[in-house]
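User: I am new to this structure. Please take me through it in questions and answers.

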Amino acid sequence: MISYLIRRVLYAMPIMLGVAFLCFMLVHIAPGDPLVAILPPDASVDLQKQLMELYGFNRSYPEQFFSWVWRAMHGDLGSSIATGRPVAQEVFKAVGNTFMIAALATLIGFFFGSLFGFVAGYFRNSWVDKIASFISVVGVSVPHYWLGMVLVIIFSSQLMWLPATGAGPDGSAAWIWDFEHVKYLIMPAVTMSFIPMGIIARTVRALVADILSQEFVIGLKARGLGEFGVFRHVVKNCAPTAMAVMGLQLGYLLGGSILIETVFSWPGTGFLLNQAIFQRDLPLLQGTILVLALFFVSLNLLVDILQTVFDPRIERA
Amino acid sequence: MTNQRDIGGPRQPLLQVRDLLKHFPLKGKGLPFASPRSAVRAVDGVNFDILKGETLGVVGESGCGKSTTARVLMQLINQDSGELVFDGETVGSRALPLRQFRRQAQMVFQDSYSSLNPRMTIEDSIAFAPTVHGLPSREAITRARDLLARVGLQPERFAGRYPHELSGGQRQRVNIARALALEPRLVILDEAVSALDKSVEAQVLNLLLDLKQEFGLTYLFISHDLNVVRFISDRVLVMYLGQVVEIGSSDQVFDQPRHPYTRALLKSMPSMDPLQRTMEAPLAGDPPNPINPPSGCRFHTRCAYARPVCGQRAPVFTSDESSGGGHGVACLRYEADTASLFSTAGEVSHA
Amino acid sequence: MSTLQATAATPVSALPLPAFKRSRGHWANVAARIVRNPLAMIAAVILLALIGIAVFAPWIMPADPFATSMFTRLKPIGTPGHLFGTDELGRDLLSRLMLGGRLSLFMGITPVLTAFVIGSGIGILAGYAGGFINTAIMRTIDVLYAFPSVLLAIALSGALGAGIVNALTSLTIVFIPQIARIAESVTTQVRRSDYVDAARASGAGAFTIVRAHVLGNVLGPIFVYSTSLISVSMILASGLSFLGLGVKPPEPEWGLMLNTLRTAIYTQPWVAALPGAFIFITSISFNMLSDGLRSAMEVKQ
């Protein structure tokens with residue numbers, strides 16, 4: 001097993017390099033001059049040349065790539081063209097915010113998803129199953145940005161229970177875990193939880209139905225194992241895969257949070273990405289995508305490793 | 001018909017297998033790029049001839065290399081070394097390119113269901129091979145229907161059906177028809193009847209015998225069922241751990257087995273006579289490991305006659321020149337210089 | 001023996017080949033099963049209706065979807081003359097929804113279709129060739145697969161800029177790795193089966209085998225998987241327009257309409273929510289149909 005783990009980690013390296021390469025190429029396939037955002041229209045050729053020099057856009061692509069990677073490994077992702085602040089700082093601040101709603105969303109999604117999935121699997125092919133399965137299909141089919149809008153309509157506009165946008169009365173900088181602030185957290189997290197809920201419900205339903213239909217369950221019951229015992233047994237068998245799926249969903253949410261954060265003006269990485277795109281702030285764009293993608297790869301790696309460690313049935317060559 | 005294609009004459013063996021070797025390297029369990037440490041020695045130096053018009057049976061335990069040998073014979077797997085000579089010409093040479101060899105040798109697999117494309121009708125499956133070799137499709141379909149009739153399935157009822165609509169025995173008949181579609185001279189049957197019910201098995205065996213007569217075929221019949229092998233084979237070959245240990249006519253091998261493994265196999269057959277039941281397992285000792293076979297004679301760890309020399313020296317295959325290919329065996333008890341070491345009676349127990 | 005040779009008396013080509021009764025093929029069986037699935041059928045009807053409306057929109061629209069009016073801005077649902085109300089520029093919402101369906105559906109289906117063709121090609125090649133080619137192709141795919149889909153779509157769109165073609169391109173690139181993976185996996189399985197070995201043993205070349213044996217067994221599962229991606233594609237495409245990266249105004253498209261109507265959620269909330277409701281209905285119908293298709297294919301025979 002150790003050799004498998006080593007190989008798995010080693011294998012992630014070229015992937016990460018490939019990801020970095022892709023991030024780098026992304027901004028260079030963008031049409032248009034990278035400096036167009038900050039240069040005044042009548043800038044002199046000298047000024048243009050100076051700025052190109054400063055940002056390194058006048059060097060060859062391989063040079064730019066390697067120096068960028070080198071600096072990134074030391075934590076320097078350049079400075080935002082728009083604000084001048086270091087990209088790394090902006091990104092890591094934003095990641096914390098995104099992580100809050102993503103983690104909460106994953107937990108909510110996992111809880112309800114497992115619940116519906118379990119119920120559907122236990123009572124498979126009955127009307128309970130059909131309702132629970134329908135709910136999970138709704139979960140994966142709903143456009144989450146629209147759902148966010150609907151929730152804002154219901155809970156902010158009509159009922160006035162929750163604030164519509166933002167991360168707290170004084171912005172995200174002054175976050176405290178009290179109700180005043182948590183109010184802002186609820187709707188984004190709930191909106192985000194629908195898709196993981198749907199996916200986990202589907203996965204759990206399939207797992208439970210599969211385990212219960214296996215013959216050794218009948219064998220267990222024949223030996224007098226009560227309902228609760230069977231239940232515990234099913235949980236033990238489902239848990240590793242379900243948790244793996246949960247981990248992956250967290251990764252997807254972290255990387256794909258832009259739409260929800262735009263609806264709720266939540267100052268996370270997605271929001272940052274949105275800004276970077278529209279201001280054509282290339283260092284910020286590059287840096288944010290790189291961090292998010294690498295996070296995702298690392299999360300996948302972690303989930304894989306944990307699954308191998310905790311689920312001895314998985315055979316790794 | 002087959003006489004027209006006969007090149008080498010009746011005394012030329014149809015297929016000569018020479019020093020066939022096929023090892024499957026085990027992927028290094030450590031880091032990638034490390035060189036493979038060991039290999040499964042599936043076929044480890046196999047030599048035999050298949051004579052024209054005969055049925056050669058092949059027996060042995062699971063894992064002895066029978067199926068791998070069959071696949072190498074069909075060139076579905078390429079051997080690491082060794083050659084095949086078909087009717088006097090080397091397979092893969094300019095005189096006999098692979099594509100031409102394929103028209104002369106065909107195979108029937110064990111799993112009747114997975115050997116048929118589930119999305120193709122029966123007649124299309126049978127007609128596929130001839131169309132590949134240039135036969136126009138309506139003639140191929142006609143041939144397919146004729147073959148279906150010949151194997152006992154009415155074309156009107158079966159030609160348009162799909163594999164899942166047929167029983168196991170019917171599917172195996174289709175597989176036989178499919179193998180005959182190219183009018184081969186050699187048909188390899190790899191456990192072709194093993195998965196069938198006994199009554200169906202008998203029908204299919206009789207069909208095989210009829211077809212052999214009618215089309216002048218030569219069979220290589222692989223099976224672990226000794227009764228079936230005895231019924232259908234002219235000569236029998238016994239394999240152990242990737243090597244041939246005994247070969248001879250059916251009567252010779254079954255009535256006067258020479259190799260200790262053959263004797264043990266025969267003794268392990270459940271007896272048909274309730275008054276003389278087979279009681280103990282004749283083979284003791286650990287089952288063989290194809291990755292790290294025992295030194296010297298591979299069977300010596302389980303052999304009832306083993307002497308110290310057996311662990312040191314590998315036996316050479318020797319045969320006497322009696323009729324029909326001779327009765328050959330790879331055992332030190334029959335080699336001139338070591339035979340005397342075994343003169344004292346008494347069997348060794350490895351239990 | 002003579003039965004196998006064509007008799008010289010009657011040339012075979014002159015005789016008509018009798019057509020024996022063919023059993024119901026695989027797809028006919030699937031169709032028969034799915035028709036008995038009520039949820040899938042309801043979904044199919046809804047989709048047909050939506051597609052029909054979208055296709056015939058220019059002829060059945062009640063009003064001009066581009067006609068703005070400052071006097072009739074943000075009218076509620078049920079206003080005479082504007083059944084679904086009007087948007088922030090006074091344009092009739094029902095007409096815009098009908099016409100918008102064209103673009104939304106187009107942007108949902110086209111990337112998946114294109115990715116199906118390209119992804120299947122790549123995956124089948126990798127799966128059948130095996131060995132080094134397989135590793136090279138799949139590892140490259142893995143790099144793309146290492147991005148969460150939303151992030152990749154937005155990153156590519158952001159880099160290429162707004163516009164329909166760019167959005168279609170980036171979505172296609174997002175889906176190719178997913179389809180290629182499934183294609184490779186299924187093809188590898190089929191490659192190992194006995195009937196492919198039998199086909200090899202009969203001397204057929206690789207192309208012939210892929211055409212005659214592999215495609216028929218592989219395209220079905222890949223197709224079913226692809227249909228499950230359509231709803232994702234619609235949501236992503238509309239999402240891109242929602243962010244301003246896809247369709248550009250004044251073209252009607254459901255995601256873009258959601259974007260421009262966002263500020264209206266306080267004044268005319270239900271009008272503002274309508275475009276998203278349509279995305280939702282379409283998406284869930286595609287998913288139901290895809291699920292029904294998958295169950296119909298999975299039945300053991």
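**Chain A, its contact with chain C, and a sheet in chain B**

Analyst: Of the 317 residues of chain A, 38% count as buried (20 or more other C-beta atoms within 10 Å of a residue's own, against 12 or fewer for exposed and partly exposed in between, with C-beta atoms placed from the backbone). This is a predicted model, in which local features need pLDDT of at least 70 and side-chain atom pairs count only at pLDDT 80 or more, while totals for chains, interfaces and linings use all residues. Residues are numbered from 1 along each chain as its sequence is written, and chains are lettered from A and ligands numbered from 1 in the order in which they are written.

User: How many helices and strands are there in chain A?

Analyst: Helices (H or I, at least four residues) and strands (E, at least two) are DSSP runs, numbered from the N terminus. Along the sequence, chain A reads α-α-α-α-α-α-α-α-α-α-α-α. The count is 12 helices and 0 strands.

User: On which residue is the kink in H6(A) centred?

Analyst: Helix H6 of chain A covers residues 144–158 and reaches 20 Å from its first C-alpha to its last, close to the 21 Å expected (1.5 Å times one less than its number of residues). The bend at a residue is the angle between axes fitted to the seven residues ending there and the seven starting there. In H6(A) the kink is about 30°, and its centre is A:Val152.

User: Which helices of chain C help cover the buried residues of H6(A)?

Analyst: The buried residues of H6(A) include A:Trp146 and A:Val152. Their cover includes H7 (179–212) and H10 (258–264) of chain A. From chain C, the cover includes H8 (206–242), H9 (254–260) and H10 (269–298).

User: How many charged residues has the side of chain A that touches chain C?

Analyst: The contact (C-beta atoms, placed from the backbone, within 7 Å) takes 38 residues from chain A and 33 residues from chain C. Ala, Val, Leu, Ile, Met, Phe, Trp, Tyr, Cys and Pro count as nonpolar, Asp, Glu, Lys and Arg as charged, and the others, Gly among them, as polar. On the chain A side, 30 are nonpolar and 8 polar, and the charged residues number none.

User: Which strands stand at the edges of the sheet in chain B?

Analyst: The open sheet has 4 strands in the order E2-E1-E4-E5, with antiparallel pairing (at least two DSSP bridges between two strands). An edge strand has a single partner strand, so one side is left without a neighbour in the sheet. The edge strands of chain B are E2 (39–50) and E5 (89–90).

Definitions and conventions
Two residues are in contact if their C-beta atoms, placed from the backbone, lie within 7 Å.
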